[in-house]
Amino acid sequence: MNAPFNSDELARAEVCFAVASQLLYVEPNVASVAEQAASRQFACAPFGEDSEDVREGLRLLDGWCADALHATEVTDGADEADGVDAAALLVETPAFAESVDELRREWLRLFVGLGTPEASCLESFYVEPNSHMFGKNVIAVRAAYRRHGLEIERLHREPDDHLGLMLGFLSRLVAEEREAAEAGDEQRAVALADEQDAFLTEHVLPWLAPWRYAVEKHARTDYYRGVGTFVFGLAVCYAERFGIRFDEEACAFKRRK
């Protein structure tokens, strides 16, 4: 049975899923990472901080950002009195650009790969025979997107079952549930919650633990160690809403009876 979330809880979960989506799907660039570091974006999260994994993921991400600020001698508060934007200063700092270049290389190695990525973000890699892409899982995920008027930009050139895209889709479903609840449409809100449950159960949770362990094994920076841990913890925390827990011993998600 789905636990009801109020509008504020849904809004907070929506933001976290959107951030997780961007961290996985979008290649890091100097401007976006500078904003993360200067704003201390990962000092806290609006949803999921009851989870040890979410807290640890944030600690690793925030630690990387703090170290990057320290290494460039740019702080998020020291320049405000002069009216200078810390993120803009970071963008112009060669040492910071080198740090982001390292992140970009790691993102490519982990999630894209010249051959096989070290921690593929594709559902098909983990669940399809011979890791076949564009199989039945991609078709099912694509159909779920289309039911909500969505289509990926590189249709037929990129698998639809990328974890970053699917987390973005979950953010959209959460937003639609929130809007339905705020409009007083309880029936639609319940249906959207049920759809989130089904999508998580069928397309995200079955392979999330192996993905997380692959990231943990191959990541070389605290930034991407943090991303893997944060994303996993966020999914675990949200799945609890639907009576699903992660069994450490079995290394699998199970629905409470």
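## A buried cysteine to begin with

At 1% relative accessibility, cysteine 121 counts as buried, and this value, like the others in this report, is computed from a predicted model. The closest cysteine sulfur to that of cysteine 121 belongs to cysteine 251, and the 17 Å between the two is too far for a bond.

## Cysteines without disulfides

A disulfide is a covalent bond between the sulfur atoms of two cysteines. The structure contains zero disulfides. Cysteine 65 is accordingly in no disulfide, and the nearest cysteine sulfur, which belongs to cysteine 44, is 13 Å away. Because a disulfide requires two cysteine sulfur atoms within 2.5 Å, the 13 Å from cysteine 65 to cysteine 44 leaves cysteine 65 outside any such pair. Cysteine 65 is also buried, with a relative accessible area of 1%.

## The largest nonpolar core

The largest nonpolar core holds 76 residues, and the members that touch the most others within it are Phe111, Leu163, Trp211, Tyr223 and Tyr238. Helix H9, which spans residues 186-218, supplies the largest share of this core, with 13 residues.

Leucine 163 gives a view of the contacts around one of these members: when residues up to four places away in sequence are not counted, it touches Leu24, Cys121, Val204, Trp207, Leu208, Trp211 and Val231. Cysteine 121, the buried residue with which this report began, is therefore among the contacts of leucine 163.

## An aspartate in helix H9

Aspartate 197 is found in helix H9, the helix that contributes 13 residues to the largest core. Aspartate 197 is buried, with a relative accessible area of 11%, which places this residue under the 20% limit used for that term. Leaving aside residues up to four places away in sequence, aspartate 197 is in contact with Asn2, Phe242, Ile244 and Arg255.

## Two loop residues with positive phi

Most residues other than glycine have a negative phi. Arginine 40, which is not a glycine, has a positive phi near 50°, and its place is in the loop between helix H2 (30-39) and helix H3 (52-72). With a relative accessible area of 31%, arginine 40 is partly exposed.

Cysteine 251 likewise has a positive phi, of about 55°, although it is not a glycine. Cysteine 251 lies in the loop between strand S1 (244-247) and strand S2 (252-255), and at 35% relative accessibility it counts as partly exposed, whereas cysteine 121, whose sulfur is 17 Å from that of cysteine 251, is buried.

Terms used. Residues are numbered from 1 along each chain as its sequence is written. This is a predicted model: local features need pLDDT of at least 70, side-chain atom pairs count only at pLDDT 80 or more; totals for chains, interfaces and linings use all residues. Side-chain values use heavy atoms; hydrogens and water are left out. A nonpolar core is a set of buried Ala, Val, Leu, Ile, Met, Phe, Trp, Tyr and Cys residues joined through side-chain atoms within 4.5 Å. Buried means under 20% relative accessible area, exposed over 50%, partly exposed in between (1.4 Å probe, protein chains only). Helices (H or I, at least four residues) and strands (E, at least two) are DSSP runs, numbered from the N terminus. Contact means heavy atoms within 4.5 Å.
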